[in-house]
Amino acid sequence: MVTPGVQGSVPGSVSGACGGGAGSGVVPYRAGDPLTTFAHGIGSQHDLPISPFYAFAGAFTALFVSFLALGLLWSTSRFRGDRSGRALPAALQRAADAPATRTALRGLGLAAALAVLLHLLLGPDDPARNPAPGAVYVLFWVGLVPASLLLGPVWRLINPLRTLHRLLTRARHRRRDPDRPLPVLPARLGQWPAAAGLFAFTWLELVAPDPASTTTLLIALAAYAAVHLLLAARFGERWFDDADAFEVYSALLARLSPLGRRNDGRLVLRNPFHGLDATPERPGLVATVCVLLGSTAYDGFSDNPSWINVLQTSPLGRTPTATLGLLASITLVATLYCLCAAATRLVSGPHPRPLTAFAHSLVPIALGYLVAHYFSLLVTEGPRTVSMALGTDNAPDPAPPLGPGGLAALQVVAVVTGHVLGVVAAHDRSVRLFPPVKAVAGQLPLLALMIAYTIGGLSLLLN
């Protein structure tokens, strides 16, 4: 997130320092210049007007107080997963589930995808005049966060790849034996394809030499669509449930939405913790969340002068070095979590799924980083992208929605709140899985993990 007078970065440069890969050094921010506003990261705003001492002291106080309070006052599990929620009026559910509503949403998603494709094919190769890069990196990637939090897993309803798959399936229905069963997806595959897809997208955004280029976006989107349509043709529409990176991304965030469905299919209002508790423990879940956390962390330190120097002087070249940096960031996040899971098992006793049992507690942490990471980008570049797409002349320059102090406070609060919510989710799961005498002790490794993530997140935020 960049603000006037603060040095920002250029898309196409993984560190934000080498505009278009030219290695020309840090480029000063110019309001309204999409070449700088596509660069974002919780570490890209320097000299925030907030004391690091008070930020860290407040964060640690919040974590320790919540941990102690939970240990003393929360002795039995209170979250009921997808069995909870107050049913919404039947008329509202009928309208939401009506075939006409679903068809309209699918048509909307397909129309939006077609509009982006036409802009990529026919529009200028300049993000200052072509809304397609902003539509992909801002309205789509960033906009899915508030949309999923408010409305649930919306991408599943509007995913144009699902719509194309259905249309293609109908077109070839006569040439295929409808009674021939489709191959069964291996259970061990889980969400690993989604984790790989999220890594590919974050690589495109943070590492690719020119991510805002129309050619780059066309190749990336075409390859992604081709792979998923071919695999959906083999395994059926259920392929998208756990393999489409953006459906899984949207569904994970939607676990914290107050709008959800009970296991009886009713549309309900619920405590978001109940939805979070119902997160399926699938293979690849940990990898998916760690990609989100690790890629955000990489974007946070990628504009650090020391890392920029490494990129500019590495004998491997900028792109291979940046790729290794992204992989190292994700690996570090995953390693810390795996060590925590192993320590929890040693303290509390064996568990059949030690890695996935507490993976849901990472989701609010990821959400906190996403809010801190993308808020300013969405509210400044989002309207500008829409104006450009509508053909409005003289689109307004993006302006920060908050002053430096307000933005800094929002970022710190988002990061700390995400960790506190993670502590609550982990505690409730712990008292459900382990005997009371071991439940609190078993959370000490999780608390240490939360502290480590908090130190890292606030360090990137405050540089």
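Which residues does V347 touch, not counting residues up to four places away in sequence? In this predicted model, V347 touches K438, A441 and G442 when those sequence neighbours are set aside. The residue is found in helix 16, which spans residues 318-348, and the C-alpha atoms of V347 and K438 are separated by 7.3 Å although the two residues lie 91 residues apart along the chain. With a relative accessible area of 39%, V347 is partly exposed, because that category covers values between the limit of 20% for buried residues and the limit of 50% for exposed ones.

The secondary structure of the protein as a whole comes to 20 helices and 3 strands. Among the contacts with a separation of 6 or more, 80% are accounted for by residues 24 or more positions apart. Of the 463 residues in the protein, 50% are buried, while the area that the protein exposes is about 20,300 Å², with carbon and sulfur atoms supplying 68% of it.

The largest nonpolar core contains 97 residues, and those touching the most other members are W141, F246, Y249, L293, Y337, L362 and Y453. For L362, the contacts that remain once its neighbours within four places in sequence are left aside are V289, L293, Y337, L449 and Y453.

Two helix pairs illustrate how elements of the model are arranged. Helix 18 (residues 404-433) packs with helix 20 (residues 444-462) at an angle of about 170°, their axes being 10 Å apart. Helix 18 is therefore roughly antiparallel to helix 20, since angles over 145 degrees are placed in that category. On the side of helix 18, the contact is made by Q411, V412, V415, H419, G422, V423 and A426, and on the side of helix 20 by L446, M450, Y453, T454, L458 and L461. Classified by residue type, this contact has 9 nonpolar and 4 polar residues, with no charged residues. Y453, which takes part in this contact, is also one of the core residues named above.

In the other pair, helix 3 (residues 90-97) and helix 4 (residues 99-122) pack at an angle of about 45°, with axes 5 Å apart, and helix 3 is therefore oblique to helix 4. Here A95, A96 and D97 in helix 3 meet P99, T101 and R102 in helix 4, and the contact has 3 nonpolar, 1 polar and 2 charged residues.

Key
Residues are numbered from 1 along each chain as its sequence is written. This is a predicted model: local features need pLDDT of at least 70, side-chain atom pairs count only at pLDDT 80 or more; totals for chains, interfaces and linings use all residues. Side-chain values use heavy atoms; hydrogens and water are left out. Axes are lines fitted to C-alpha atoms, for helices over the stretch in contact, and angles run from 0 to 180 degrees between N-to-C directions. Helices (H or I, at least four residues) and strands (E, at least two) are DSSP runs, numbered from the N terminus. Angles under 35 degrees count as roughly parallel, over 145 as roughly antiparallel, 65 to 115 as roughly perpendicular and the rest as oblique. Contact means heavy atoms within 4.5 Å. Ala, Val, Leu, Ile, Met, Phe, Trp, Tyr, Cys and Pro count as nonpolar, Asp, Glu, Lys and Arg as charged, and the others, Gly among them, as polar. Buried means under 20% relative accessible area, exposed over 50%, partly exposed in between (1.4 Å probe, protein chains only). Accessible areas come from the Shrake-Rupley method with a 1.4 Å probe; for residues, only the protein chains shown count as cover. A nonpolar core is a set of buried Ala, Val, Leu, Ile, Met, Phe, Trp, Tyr and Cys residues joined through side-chain atoms within 4.5 Å.
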